[in-house]
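I opened this notebook to record what I looked up in the model, entry by entry. The entries follow the order in which I turned to each part.

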Amino acid sequence: MLASLRFARSLASATSSNFARSSQRAYSAAATGEVLKKTVLHDYHVENGGKMVPFAGWSMPVQYSNLGVGASHLWTRQNASVFDVSHMLATRITGKDRVKFYESITVADIEALKVGQSTLSVFTNENGGIIDDTIICKQEDSLYVVSNAGCADKDLAHIRAHLKEFQNKGGDVDLKIIDDHQLIALQGPKAAAVLEGLVGKDLRDLPFMDGRSMTIKGIECHVARSGYTGEDGFEISVPNGDAVEFTKLLIADPRVELAGLGARDSLRLEAGLCLYGHDMDDTITPIEAGLTWTIGKRRRAEGGFLGAAKIQDQLKNGVSKRRIGLIVQGAPAREGALIYSNGELIGNVTSGCPSPSLKKNVAMGYVKNGLHKSGTELEVEVRGRKQKAVVTKMPFVPAGYHKV
Amino acid sequence: MSLSAFSARLFPTMRQQAVARLAAPSSTFARFYTTKYTQEHEWVKIEDGVATVGITNHAQEALGEIVFVEAAELKDIEKGETIGSVESVKAASDIYAPITGTVIEVNQVLGDEPGLLNTACETDGWLCKIQVKDQSEFNELLSAEDYARFCEESH
């Protein structure tokens with residue numbers, strides 16, 4: 001884990017529309033000549049100045065010509081932005097044993113969720129490592145599950161292997177990929193007012209992490225009050241045929257701008273939210289990643305998910321490394337930067353950028369247990385120079401999640 | 001250190017183009033009119049054996065808002081060596097020495113105003129000045145036309 005993950009950084013790479021850090025791994029697939037997938041909104045993005053880049057096998061907008069990444073980030077914090085997140089893997093799980101099956105492959109207490117409620121969870125492997133993070137929404141007749149586009153292939157292979165085993169033992173469960181809907185996120189402090197205007201009614205009673213079906217200007221949607229920016233907002237599942245029209249309805253509001261992957265990355269980092277493949281991977285457990293809260297009390301006690309023994313042991317005996325937030329002086333610390341304490345190498349940065357909201361450099365990374373407490377003074381090495389850094393509680397920017 | 005401002009001071013505006021055309025490439029005058037480029041998206045101008053280095057407009061556009069500039073150290077450098085960095089929210093990009101020599105001055109203004117690279121990267125937003133060791137290295141750099149072609153081809 002301490003190995004430097006430093007990526008090729010040059011102006012030359014920055015100018016070849018390289019969405020540097022966050023998609024570096026996703027890029028390799030594109031480089032081999034793989035045809036990029038397009039969301040239904042692809043042409044709409046291009047028409048609206050979207051600068052398209054390869055991301056996890058998809059052609060996605062990193063930013064739009066009317067706003068730079070920093071300006072788009074701040075717009076989202078002050079107003080509202082639309083993000084196309086249709087590249088993410090959406091699945092529907094049916095069958096009467098669906099909760100039991102999903103509890104065998106994730107750490108979530110799905111049993112305890114009320115219909116309409118969602119939770120952040122993780123798929124774990126036998127060693128307790130995180131295969132992917134995911135949002136599980138409990139619906140009347142099914143589970144609606146969204147996970148990362150970049151992990152789609154391995155997630156499906158993993159889930160299907162366990163599904164088959166489960167079915168062979170007589171379990172009643174089935175999985176379908178949802179490919180007839182697009183997922184559009186509307187995020188920001190003005191998102192609710194914008195959506196309420198279109199829905200024609202108040203959404204105050206829709207709590208954070210809850211979802212419901214509704215008709216918006218004649219379009220049948222599923223609206224979940226969730227997101228990846230730290231702001232109030234919604235992730236709206238819209239039939240493919242209505243996706244462009246729906247997006248136009250949102251954008252017609254002067255409080256709304258289009259935003260791309262660039263702002264999405266800096267927004268989620270300020271919000272202290274992990275990016276899979278960077279801030280967590282299959283060698284890191286949810287305990288180490290600071291996601292212990294995703295494991296319900298019952299699940300901690302009962303286990304019954306992959307890697308439970310390892311995770312229960314860590315809950316009891318502690319971990320050797322932990323995810324932390326850092327505010328770094330001087331040059332921004334990026335993924336791979338090494339973290340020191342009194343000259344001793346104790347960890348590395350997994351994500352970092354200059355925070356557009358704070359005008360300070362924020363980062364997250366992993367350090368040796370014991371050096372993870374807020375206020376701990378550490379050093380981060382950037383281009384051979386050690387810079388002061390302070391362990392800082394996340395989110396870096398106060399969350400704007402809606403409370404009922 | 002604006003090229004156009006400089007030449008305007010030397011020559012009456014109306015005569016500028018004619019003089020430029022008449023000046024042979026090897027003449028003293030040519031120095032004031034020649035900017036060379038690198039494939040790393042830097043521009044270099046030479047005047048009295050001192051190279052002024054900056055990033056190109058193409059580079060600043062690709063980077064977006066620049067929020068941090070790490071200045072070069074005042075020391076001897078080899079062509080190709082990393083001599084600093086410019087950073088936007090989304091990426092950090094190293095600056096490579098386009099020419100061998102000694103860094104004798106860095107643009108201090110960029111420390112407080114990195115955004116100058118977005119508004120004036122080819123003029124007031126210069127990065128550093130290098131006392132050139134071997135001027136023939138300068139001649140090997142890309143001409144404006146070659147650089148424009150390079151940018152087009154690499155897209």
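**Entry 1: the lipoyl-binding domain of chain B.** I began with residues 50–131 of chain B, over which the chain is 20% helix and 43% strand, with the end C-alpha atoms 5 Å apart. I took this range from UniProt, where an unreviewed entry places the feature "domain: Lipoyl-binding" at residues 50–131 of chain B. I note here that the model is a predicted one, and that local features are read only where pLDDT is at least 70. For chain B as a whole I counted 8 helices and 9 strands, and I found that 51% of its 155 residues count as buried. Of the contacts in chain B with a separation of 6 or more, 58% are between residues 24 or more positions apart.

**Entry 2: Lys90(B) and its surroundings.** I next looked up Lys90(B), which the unreviewed UniProt entry annotates as "modified residue: N6-lipoyllysine". I located Lys90(B) in the loop between β6 and β7 (92–96) of chain B. Is Lys90(B) buried or exposed? I read a relative accessibility of 6% for Lys90(B), and because the limit for buried is under 20%, Lys90(B) counts as buried.

I then moved to Ser88(B), which has its place in strand β6 (residues 82–88) of chain B. Ser88(B) counts as buried because its relative accessibility is 1%. Leaving out residues up to four places away in sequence, I listed what Ser88(B) touches: Arg334(A) and Pro354(A) in chain A, and Leu63(B), Gly64(B), Glu65(B), Ile66(B) and Val67(B) in its own chain.

**Entry 3: the interface.** The contacts of Ser88(B) with Arg334(A) and Pro354(A) led me to the totals for the two chains. I found 26 residues of chain B in contact with 26 residues of chain A, and about 2200 Å² buried between chain B and chain A, 54% of it on carbon and sulfur atoms. Which three residues supply more than any others of the area that chain B buries against chain A? They are Glu70(B), Val89(B) and Lys90(B), with 32% of that area, and so I met again the lysine that UniProt annotates as N6-lipoyllysine.

**Entry 4: the C-terminal domain of chain A.** In chain A I looked up residues 321–397, which carry the UniProt annotation "domain: Aminomethyltransferase C-terminal" from an unreviewed entry. Over this range I recorded 0% helix and 58% strand, with the end C-alpha atoms 24 Å apart.

I chose Leu326(A), found in strand β14 (residues 321–328) of chain A, for a closer look. Leu326(A) counts as buried because its relative accessibility is 0%. Its C-alpha atom is separated by 5.8 Å from that of Met364(A), although the two residues are 38 apart along the chain. Beyond its neighbours within four places in sequence, Leu326(A) is in contact with residues that include Ile339(A), Val349(A), Leu378(A), Val391(A) and Phe396(A).

**Entry 5: helix α9 of chain A.** I turned to helix α9 (residues 261–270) of chain A, where 10 of the 10 residues are buried, so that the helix is largely enclosed by the rest of the structure. Among these buried residues I noted Arg264(A), Asp265(A), Arg268(A) and Glu270(A). What covers the buried residues of α9(A) includes β1 (50–55), β2 (58–64), α4 (69–78), β3 (80–84), β16 (344–354) and β17 (361–368) of chain A. Just after α9(A), I found that Gly272(A) takes a positive phi of about 75°.

**Entry 6: Glu235(A) and the second largest pocket.** UniProt, in an unreviewed entry, gives the annotation "binding site" to Glu235(A), which I placed in strand β12 (residues 233–239) of chain A. Glu235(A) counts as buried because its relative accessibility is 13%. Apart from neighbours within four places in sequence, its contacts include Leu183(A), Ile184(A), Ala185(A) and Gln187(A).

Last, I looked up the second largest pocket, which has a volume of about 330 Å³. Of the 20 residues that line it, Trp58(A), Ser86(A), His87(A), Met88(A) and Ile178(A) lie nearest its centre. I recorded that β4 (89–94), α6 (152–168) and β9 (181–187) of chain A each supply at least two residues of this lining, and that the lining divides into 12 nonpolar, 5 polar and 3 charged residues.

Note on methods. Residues are numbered from 1 along each chain as its sequence is written. Chains are lettered from A and ligands numbered from 1 in the order in which they are written. This is a predicted model: local features need pLDDT of at least 70, side-chain atom pairs count only at pLDDT 80 or more; totals for chains, interfaces and linings use all residues. Side-chain values use heavy atoms; hydrogens and water are left out. On a 1 Å grid over the protein atoms alone, a cavity is a set of points where a 1.4 Å probe fits but cannot get out, and a pocket is an open set with protein on both sides within 12 Å along at least five of seven lines; lining residues have an atom within 4 Å of a point. Grid points are joined across faces, edges and corners, and a volume is the space filled by probe spheres set on the points. Helices (H or I, at least four residues) and strands (E, at least two) are DSSP runs, numbered from the N terminus. Ala, Val, Leu, Ile, Met, Phe, Trp, Tyr, Cys and Pro count as nonpolar, Asp, Glu, Lys and Arg as charged, and the others, Gly among them, as polar. UniProt positions are given in the numbering used here, feature names are shortened, and annotations may be inferred rather than shown by experiment. Buried means under 20% relative accessible area, exposed over 50%, partly exposed in between (1.4 Å probe, protein chains only). Contact means heavy atoms within 4.5 Å. Buried area is the accessible area (1.4 Å probe) that two parts lose on being put together, summed over both.
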